[in-house]
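Trainee: I would like to go through the labels used for this model and ask what stands behind each.
Mentor: Go ahead; take them one at a time.

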Amino acid sequence: MKTRRRLVNRIFLSLCVVALLAAVVPLVSIIVDVASKGIGAMNLDFFTQLPPLACTQPPCPEGGLGNAIQGTVYVVALSSLIGLPIGLFSGVYVSEYGRASRFGYLMRFLGDVLAGIPSIVTGVLIYTIIVLTTDSFSIIAGAVALGTMMIPIMSNTTAEALKAVPNSIREASLALGTRKWRTSLLVIANAKKSIATGSLLAVARITGETAPLILTMGISVLWFGGFTVPVASLTYFIYYFATSPFQNWQNLAWGAALFLMVIVLGINMGVRLVTRGKRVYA
Amino acid sequence: MGRRRSAADSGFKYLTVGLASSVLVIALIYFYELYTGSLPTLRTGLAFVFGSTWDPVNSHFGVFPMLYGSLLTSAIALVIGVPISLGVAIFLSELSPGRLRSPISFVVEMLAAVPSVIYGLWGLFILAPILRADVYPYLEEYLGFLPIFQGTIYGVSILTAGIILAIMIIPIIASISRDALLAVPDSQREAALALGATKSEAIRMSVLSYARSGIVASIFLGFGRAFGETMAVVMLIGNTPVVSASLFSPGYSLASLIANEYTEATTAVYTSALIEAGLVLLLVSFLANVVARLMISRLIRSREAASYL
């Protein structure tokens with residue numbers, strides 16, 4: 001009996017270690033495979049050239065994804081302009097004004113729920129609101145879609161960051177006769193590091209989004225051509241090229257995946273290192 | 001002077017209230033827009049959800065195969081992903097030496113940070129060929145008496161999509177379960193150990209049961225994530241509207257339907273059908289997230305209440 005219990009104990013604890021390996025192996029494999037298959041596409045052309053034509057017989061033109069990098073940078077910047085400020089102030093309300101109120105609780109709750117809504121649904125929403133009415137894919141639609149996704153993420157991050165600011169700071173400021181809104185600014189200033197890292201994580205998260213973009217921004221083989229026409233993006237090109245039968249396109253998909261992964265995982269790793277030991281919300 | 005200052009005060013407050021309301025407005029717009037956008041097919045009622053013919057050319061829009069695919073891939077993801085995630089969570093909270101804790105948490109967080117299109121790319125070119133050549137034939141050979149492991153083996157299939165989803169939901173289930181386990185008071189563990197329980201008995205009897213609602217909440221969140229995942233699934237499921245008992249068969253999901261066919265939707269009814277697929281996704285994931293968040297917030301509140309004692 002005793003040995004049986006000891007055996008069960010051993011098996012259970014070993015299974016936990018096996019589970020851990022099962023989680024680590026895919027990540028290592030993804031990183032190694034993307035790096036080894038993508039490194040071949042990494043050259044100056046990748047950053048400066050337009051996508052090549054489909055090619056069935058070598059020699060194939062290599063081309064690059066310069067326009068996709070450009071489009072991704074533009075759309076992420078635009079969506080940050082929408083999502084970060086709205087999310088920030090929304091988080092200020094949740095933490096500084098709404099903490100004791102039902103409305104504040106509801107907003108916090110909805111923020112959490114909205115953050116879990118599939119991104120394709122946001123794509124469908126902006127598709128019906130903007131793309132169908134203007135009859136064109138555009139970077140505006142793409143930025144609104146990504147910005148919409150950013151608002152709840154940023155709001156939650158900010159609220160958590162502000163809640164971590166000790167109450168003594170609020171009390172000290174109010175006791176000196178400082179108005180509530182100046183006090184709130186002071187609290188924001190105190191949490192600026194966590195807010196900055198939270199914003200970076202939100203940007204990283206948005207940079208890797210694909211599903212909303214294919215429904216809103218479309219795809220283009222040209223350089224950025226204005227705010228009302230389809231624009232290229234790295235993520236859409238990864239999908240488009242990976243599901244094509246052409247070798248030169250698939251190679252570029254791996255290159256784009258490597259570039260994207262370096263940026264997204266880079267931001268994440270950087271943030272964890274800076275905030276080492278501290279709890280990061282996002 | 002005093003009045004101007006207080007005007008700034010209320011102005012700032014209304015600014016934040018207004019922008020905080022954006023969250024509520026967005027939630028309402030989701031439902032309103034997707035509801036009105038899908039009215040043409042909503043009128044066909046349950047034929048949309050339970051019809052199994054997807055034939056846009058003749059305007060037959062039944063999404064049952066896609067609903068089936070979404071549910072089945074999510075179920076596979078949970079069956080594979082939940083035990084792994086719980087193993088990781090238990091390791092992190094109960095077994096891990098302090099030094100290993102932060103690197104492992106780091107790995108879990110990185111798994112969450114990988115963009116889903118990269119999971120799709122990796123799944124298509126690395127995972128699917130391995131599964132087709134080295135895993136599925138053995139499943140068919142040894143478990144082939146089960147209908148789910150019969151039939152022609154393709155690399156892209158319901159099972160492959162389910163497996164990639166399992167990997168993708170590990171971070172969310174593992175991290176929230178870990179938090180739930182870490183919140184279990186040490187007295188729970190000590191009580192069981194003092195009664196002579198082995199470590200695994202203590203974990204199973206007194207730790208897991210105490211953290212149960214947090215774990216269930218994390219599973220709901222994992223389900224919501226898997227059900228609505230688009231890019232990895234559209235690249236791995238085969239995008240074929242069939243209902244097959246075999247997991248080796250290609251299938252379709254609601255999310256991959258939208259991503260795959262929105263460019264072909266030239267008629268109003270076709271567009272409406274895709275929007276209604278989005279509405280179904282919205283309803284299911286909204287519900288899963290509401291249930292999970294309610295459970296989590298009740299946990300937090302009871303913990304705050306307990307900390308006053």
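**Core, contact and helix**

Mentor: This is a predicted model. Its largest nonpolar core has 185 residues, and those with the most contacts inside it are Ile238(A), Ala256(A), Ala257(A), Val88(B) and Ile118(B). Helix α7 (residues 158-182) of chain B gives the most to this core, with 17 residues.

Trainee: What makes a set of residues a nonpolar core?

Mentor: Members must be buried residues of the listed nonpolar kinds, joined through C-beta atoms within 7 Å. Val88(B) is among the residues with the most contacts inside the largest core. Leaving out residues up to four places away in sequence, Val88(B) touches Ala19(A), Leu20(A) and Ala23(A) in chain A, and Val108(B), Ile170(B) and Ala174(B) in chain B.

Trainee: Which residues does each chain bring to the contact, and how many?

Mentor: Chain A brings 74 residues and chain B brings 71 residues. On the side of chain A that touches chain B, helix α1 (residues 2-38) of chain A gives the most, with 21 residues. By class, that side of chain A has 51 nonpolar, 16 polar and seven charged residues.

Trainee: Why is Ser90(A) called buried?

Mentor: The label needs 20 or more other C-beta atoms within 10 Å. Ser90(A) has 30 of them, so Ser90(A) is buried. Its place is in helix α3 (residues 66-97) of chain A.

Trainee: Which residues does Ser90(A) touch?

Mentor: Not counting residues up to four places away in sequence, Ser90(A) touches Met107(A), Ile151(A) and Ser155(A), and from chain B Leu19(B), Ala20(B), Ser22(B) and Val23(B). For a distance in the other sense, Ser90(A) and Trp223(A) are 133 residues apart in sequence and 35 Å apart in space, C-alpha to C-alpha.

Trainee: How do you know that the length of α3(A) agrees with what a helix should span?

Mentor: The expected span is 1.5 Å times one less than the number of residues. For the 32 residues of α3(A) that comes to 46 Å, and the end C-alpha atoms are 45 Å apart, so the two agree.

Trainee: Where does α3(A) bend, and by how much?

Mentor: The bend is at Ser80(A), by about 30°. That angle lies between axes fitted to the seven residues ending there and the seven starting there.

Trainee: What does the secondary structure of chain A come to?

Mentor: Chain A has 12 helices and zero strands. Chain B has 13 helices and two strands.

Trainee: How much of each chain is buried?

Mentor: Buried residues make up 52% of the 282 residues in chain A, and 51% of the 309 residues in chain B. The C-alpha atoms of chain A fill a box of roughly 75 × 70 × 35 Å along the principal axes, while the trace of chain B spans about 70 × 65 × 30 Å.

Trainee: How many of the contacts in each chain with a separation of 6 or more join residues 24 or more positions apart?

Mentor: They account for 73% in chain A and 75% in chain B.

Trainee: What confidence does the predictor give?

Mentor: The complex has an ipTM of 0.93 and a pTM of 0.93. Chain B has a mean pLDDT of 90, with 96% of its residues at 70 or more. Within chain B, confidence is lowest in helix α3 (residues 46-50) of chain B, at a mean of 80, and highest in helix α11 (residues 231-236) of chain B, at 96.

Conventions:
Residues are numbered from 1 along each chain as its sequence is written. Chains are lettered from A and ligands numbered from 1 in the order in which they are written. This is a predicted model: local features need pLDDT of at least 70, side-chain atom pairs count only at pLDDT 80 or more; totals for chains, interfaces and linings use all residues. Two residues are in contact if their C-beta atoms, placed from the backbone, lie within 7 Å. Helices (H or I, at least four residues) and strands (E, at least two) are DSSP runs, numbered from the N terminus. Ala, Val, Leu, Ile, Met, Phe, Trp, Tyr, Cys and Pro count as nonpolar, Asp, Glu, Lys and Arg as charged, and the others, Gly among them, as polar. A residue is buried if 20 or more other C-beta atoms lie within 10 Å of its own, exposed if 12 or fewer, and partly exposed in between; C-beta atoms are placed from the backbone. pLDDT is the predictor's confidence in each residue, from 0 to 100.
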